[in-house]
Amino acid sequence: MRLFIAALFSICAFAQPRNAILIITDAEGVAGVCRQQQVEQGNAEMQRLLTGEINAAVRGFLKAGAPQVVVWDGHGGSWTLSAQTIHDDARLITGSPGPKMLLDSGRFAAIAFVGQHARANRERAVMAHSYSSLGIQKLTMNGAEVGEIETRAALAGAFNVPVIFLSGDRAAAEDLHAIVPEAEVAIVKEGLSYYSCESMSAAGAQALIEKQAEAAWRKLARIKPYRVDGPVTIEMELTTRSTPSPDAVPGEGVERIGPRTLRYRGKDFLEAWTRWSGR
Ligand SMILES: [Zn+2]
């Protein structure tokens, strides 16, 4: 049986070549999006602006020769994108793709971020937060503050998959360049403060994104995966409104190090990540 499963697995791996790109989408890093109201569920303007940027990235990747582009609707519970308006030749993932984001499937050669914001506690960064502005005050990995960019880059890196492209505000681009200097970026706006920005036009941003996405796929072989060596510690400081009960019993590899702070340890990134994302 075990042999049969191993054989089946290798056939599946063969049938699915590692040549697709996964675009992780968000809203706070989209050109023209600077206010809380714009990122709330069902905001039609944001949906149009974000979809325009995603489709520009899809065009760039396809033009450079990417065989398949898969888009994950990653903002606010996956209610933002529609198969009616996504690029004709892209595929769309709605809902949660799980803690490993399908990166363990062996299907993806690269990941990209579109509409991405910087990590929490960054200055001059539009709506900068780490996963949840309501729930998480601060997230660190091995002592350094991180957000979605760093942790998802590390997740992809654990499967040897590089981040090749990001579009968002300048702070988000800087966050990615700090860990993946070779990645291509499209800086579509400058954060003036948390809720104000100076932005490119939608058309200007889309043209830039298409060009940079194309350049990113062309240099894919020269972009290194971001690998975080073990052991790994992830610490999460919750917001006051998310203060856990003092009676809550932390799971294996998890300890409470303050009234609102939890520490997740792992022998490697994946173990710490699995414990954190399973919280
Ligand atoms: Zn986000």
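## Overall dimensions

A compact globule of 279 residues would have a radius of gyration near 19 Å, and the protein chain agrees with this, since its own value is 19 Å. Keep in mind as you look around that this is a predicted model. Taken along the principal axes, the C-alpha atoms fill a box of roughly 55 × 50 × 35 Å.

The protein chain holds six helices and 12 strands. Two open sheets organise the tour below: one has seven strands, and the other has five.

## The seven-strand sheet

Let us begin with the mixed sheet. Its seven strands follow the order β3-β2-β1-β4-β7-β8-β9, and the sheet is open. At the edges stand β3 (90-93) and β9 (196-199); each has a single partner strand, so one side of each has no neighbour in the sheet. From one strand to the next, the twist averages 25°.

For a closer look at one pairing, go to β1 (residues 20-25) and β2 (residues 68-72). These strands run parallel and are joined by five bridges. Within this part of the sheet, leucine 22 stands opposite valine 70 of β2. As a general reminder, the strands of a sheet pair through backbone hydrogen bonds, in either a parallel or an antiparallel sense.

## Helices lying across the mixed sheet

Which strands does helix α4 lie across? Helix α4 (residues 170-179) lies across β4 (108-116), β7 (163-169) and β8 (184-193), and its direction is at about 155° to β7. Helix α5 also lies across β4, β7 and β8, in this case running at about 140° to β8.

## Helix α2 against helix α5

Two packed helices are described by the angle between their axes and the distance between those axes. The axes of α2 (residues 44-63) and α5 (residues 202-218) come within 7 Å and cross at roughly 30°. That angle makes α2 roughly parallel to α5, and their crossing is right-handed.

On the α2 side, the contact is made by Leu49, Gly52, Glu53, Ala56, Ala57, Arg59, Gly60, Phe61 and Lys63. On the α5 side, the residues are Ala202, Ala205, Gln206, Ile209, Glu210, Lys211, Gln212, Ala213, Glu214 and Trp217. Sorted by class, the contact of α2 with α5 has nine nonpolar, four polar and six charged residues.

## Helix α3 against helix α4

Helix α3 (residues 148-158) packs with α4 at an angle of about 35°, and the two axes are 9 Å apart. Here too the crossing is right-handed.

Which residues of α3 and α4 meet? From α3 come Ile149, Glu150 and Ala153, and from α4 come Ala172, Asp175, Leu176 and Ile179. By class, the contact of α3 with α4 divides into five nonpolar, no polar and two charged residues.

## The five-strand sheet

Now for the antiparallel sheet. Its five strands follow the order β6-β5-β10-β12-β11, and this sheet is open as well. The edge strands are β6 (144-145) and β11 (254-258), each pairing on one side only. Four bridges join β11 to β12 (residues 261-266), with the strands running antiparallel; arginine 256 stands opposite leucine 262 in β12. Helix α6 (residues 269-277) packs on this sheet, where it touches β10 (232-238), β11 and β12, and its direction makes about 145° with that of β12.

Strand β10 pairs with two of the strands in this sheet. With β5 (residues 136-141), the pairing is antiparallel over five bridges, and lysine 138 has glutamate 237 in β10 as its bridge partner. With β12, the pairing is antiparallel over six bridges, and valine 232 stands opposite glycine 266 in β12.

## Two backbone details

Most residues other than glycine have a negative phi, and most peptide bonds are trans. Two places are worth a look with that in mind.

Where does proline 231 sit? Proline 231 is in the loop between α5 and β10, and a cis peptide bond joins it to glycine 230, with omega about -5°. The other place is serine 78, in the loop between β2 and β3. Although serine 78 is not a glycine, it has a positive phi of about 70°.

Technical notes
Residues are numbered from 1 along each chain as its sequence is written. This is a predicted model: local features need pLDDT of at least 70, side-chain atom pairs count only at pLDDT 80 or more; totals for chains, interfaces and linings use all residues. Axes are lines fitted to C-alpha atoms, for helices over the stretch in contact, and angles run from 0 to 180 degrees between N-to-C directions. Angles under 35 degrees count as roughly parallel, over 145 as roughly antiparallel, 65 to 115 as roughly perpendicular and the rest as oblique. A crossing is left-handed if the near helix is turned anticlockwise from the far one by less than a right angle, and right-handed if clockwise. Two residues are in contact if their C-beta atoms, placed from the backbone, lie within 7 Å. Ala, Val, Leu, Ile, Met, Phe, Trp, Tyr, Cys and Pro count as nonpolar, Asp, Glu, Lys and Arg as charged, and the others, Gly among them, as polar. Two strands pair if DSSP finds at least two bridges between them. The radius of gyration is taken over C-alpha atoms; the globule rule is 2.2 Å times the number of residues to the power 0.38.
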